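Reader: Hey, got a minute to go through this model with me? I'd like to start with the pockets and then wander a bit.

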Amino acid sequence: MKKIFKNVPSIIDANEEHIRETIHHDESAISFYRNSIHKKDNAIIAMARDHIQKFIMLISVSENGIIGKFSGEQIGDDGVYAKKCPLNANNAEVLRELFPWTAPVSLRNRKTTIGCGDRLGLASPGHIAAVKEYDVTPVLAQQSMRELTLTGRTYRNVVDDAAFLVYQCGYKDGYGADGDHLKKISDIDVALSAGMPMITLDLSEVMLAAAGDWSDSEIETAFNSLPQDVISRIKKTYFDKTFDIGALTIKIDVPTAKRCAVMYVKAMDFAAEVHEHLKEKRGKEFDLEISIDETTSPTLPEHHLFIVKELLYRKVVFTSLAPRFIGEFQKGIDYIGNLNEFSKQFAVHAEIAKACGNYKVSIHSGSDKFMVFPTIGKMTDMRLHLKTAGTSWLEAVRVIAEKDPVLYRVMHTCALNHLDEVIKLYHITSDMSKIPAIDSLYDEDLPKLMEMNEARQLLHITYGPILRDPAIRPLFFAALHAHEKYYYEKLKYHFEKHLSLLGAIKK
Ligand SMILES: [Zn+2]
């Protein structure tokens, strides 16, 4: 540190590039992230790390001004003021104020977006390294309530972590933040007040999915009990009507119209209420994603069309919509199902999205679906949102399996011990008994587990218990800190594989 301090008076007036060259590869125990080194007024503000942790480092020749805004520990001497600032909520706030590009923004005008859920608050630099080579914008902060509960984080933590990592990378192209799978206005408010511009509205509890299996007479009864004005509007708009959807025509017959009304009208009213709420809170600076994917049966094209027409009727502005697709989109593994049937049905979903408002088709549990990516990219002309989350956690597990086999074995055992309690929360079909006993494997075989669907799913869903285990947590984060660059490399490779198979355009 001495060397940096000695240099400061001579370089503080130089341009940022010169400062970067001078201090980023300091020989001391503290190293600076090159692209994070910025000058503001009379201070240098940079992300730095030592062998234990990351922090913000401020260096100035004056103790007044910006340096006073950050909270932290003064460490300078020799007429140089330096401050080592922890990555806390106050300092994230100051960072967003000084460098507005560290705050998330609405991505409603970005054609291709990718959700990069990061349960650890460590992965964004790997995501950024991948997306910045393509015509794609990342949603770097993205968590569901379930993930927050299982990881013990808050929306504020998630947004702050992303801000620090964006600063670390000096990434100025804009990114999103998604309050994922929210069902209640009170939860939406928590995400909004943490500064998240994107809300994924999960309609699974307000829509009447069960009515998808009701008999025609049950539907008849339920339809007739809807308010009279709704009944006559549905009749007029949909009964035996044919709609031109791009190159396709979709007909909605009378029973389908009635069934859709019973299933969705109430949910559409709720979506309109949420939309009004978002407008009130953020003007036009929001992205509303409509999610109908958390159901047991695939979204039929007629239903997709009905939902979209009802949203447009209510003047709901939405950025993306997530139908439930045919086949299985299970966590952390490739698509399971008939590829021809998928293509046939996906083509219709993509046409509806193009013809009725040009919103993005959103693919949930979108990671690792390599078999269907080319179809998805092509049929949407890349107007899409691909949502991923656990796959970045799995890449972290892969790093541990490669670099710290002893720790990996402890994590693997923890995962097996807690499998029963978390498996209920997810829809996965892996036969976990196929996973070889961990004691029977050599260290060099451990990373191969990350290529095995059963082991991937085991570790994908047990992140909560693993991260909460006091014997594992500190070791896990210490190992990832030690292998930070390697983790980014793994993530970059993995996400580039996603983007290139989708057919994203390289910059
Ligand atoms: Zn979903």
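**Pockets, metal and cavities**

Author: Sure. By class, the lining of the largest pocket splits into nine nonpolar, 18 polar and 14 charged residues. Keep in mind that this is a predicted model.

Reader: OK, and what volume does the largest pocket have?

Author: About 1000 Å³. Its lining counts 41 residues, and those nearest the centre of the largest pocket are R146, D293, E294, K331 and S365.

Reader: Which helices and strands supply at least two residues each to that lining?

Author: Those are β8 (137–144), α5 (145–151), β9 (176–182), β15 and β16 (384–388).

Reader: And which domains does the largest pocket draw on?

Author: Domain 2 (203–384) and domain 3 (392–498) each give at least three residues to the lining of the largest pocket.

Reader: You listed D293 there. What are the protein donors of the zinc ion?

Author: D293 is one of them, through OD. The others are H181 through NE2 and H364 through ND1, and the donors lie 2.1 Å from the zinc ion.

Reader: How are the donor residues spaced in sequence?

Author: The pattern is H-x111-D-x70-H. D293 and H364 are 71 residues apart and link distant parts of the chain. D293 is in the loop between β13 (287–291) and α11 (301–313), while H364 is in the loop between β15 (360–363) and α13 (373–379).

Reader: Is D293 buried or exposed?

Author: D293 has 11% relative accessibility, so it counts as buried.

Reader: And H364, buried or exposed?

Author: H364 is buried too, because its relative accessible area is 8% and the cut-off for buried is under 20%.

Reader: Back to pockets. How much space lies in the second largest pocket?

Author: About 750 Å³. It has 34 lining residues, and L120, G121, L122, D161 and F477 are the closest to the centre of the second largest pocket.

Reader: Which element gives the largest share of that lining?

Author: α18, with six residues. Elements that each supply at least two residues to the second largest pocket include α18 (473–482), α19 (484–502) and α6 (155–169), plus the strands β3 (43–49), β4 (54–60) and β6 (81–85).

Reader: How do the residues of that lining divide by class?

Author: For the second largest pocket they divide into 18 nonpolar, seven polar and nine charged. At least three lining residues come from each of domain 1 (2–90) and domain 3 (392–498).

Reader: Zooming out, what are the domains of the protein chain?

Author: The chain is divided into domain 1 (2–90), domain 2 (203–384) and domain 3 (392–498). Between the C-alpha centres of domain 1 and domain 2 there is a distance of 51 Å.

Reader: How many helices and strands does the chain have?

Author: There are 19 helices and 16 strands. The radius of gyration is 25 Å, close to the 23 Å from the globule rule for 507 residues, so the chain is as compact as a globular protein of that length.

Reader: I'm thinking about a simulation box. What does the C-alpha trace span along its principal axes?

Author: About 85 × 55 × 40 Å. As for burial, 56% of the 507 residues are buried.

Reader: Now the enclosed space. How many cavities of 30 Å³ or more does the structure hold?

Author: Two. The largest cavity has a volume of about 70 Å³, and the second largest cavity has about 50 Å³.

Reader: Which residues line the largest cavity?

Author: Among them are L107, T113, V139, M198, D287, L288 and E289. β13 gives the most to the lining of the largest cavity, with three residues. By class, that lining has four nonpolar, four polar and three charged residues.

Reader: And what lines the second largest cavity?

Author: Its lining includes D118, G121, S124, D161 and L165. G121 and D161 also turned up by the centre of the second largest pocket. α6 gives the most to the lining of the second largest cavity, with four residues. By class, that lining divides into five nonpolar, three polar and three charged residues.

Note on methods:
Residues numbered from 1 in each chain as written. Predicted model: local features only at pLDDT ≥ 70, side-chain atom pairs only at ≥ 80, totals over all residues. Heavy atoms only, no water. Donors = N, O, S within 2.8 Å, 3.2 Å for Na, K, Ca; no water. Buried < 20%, exposed > 50% of the residue type's maximum accessible area, 1.4 Å probe, protein only. Domains from an automatic or database assignment. 1 Å grid on protein atoms, 1.4 Å probe; cavity = no way out; pocket = protein on both sides within 12 Å on 5 of 7 lines; lining within 4 Å. Points joined across faces, edges and corners; volume = space filled by probe spheres on them. Nonpolar A, V, L, I, M, F, W, Y, C, P; charged D, E, K, R; others polar. Rg over C-alpha atoms; globule rule 2.2 N^0.38 Å.
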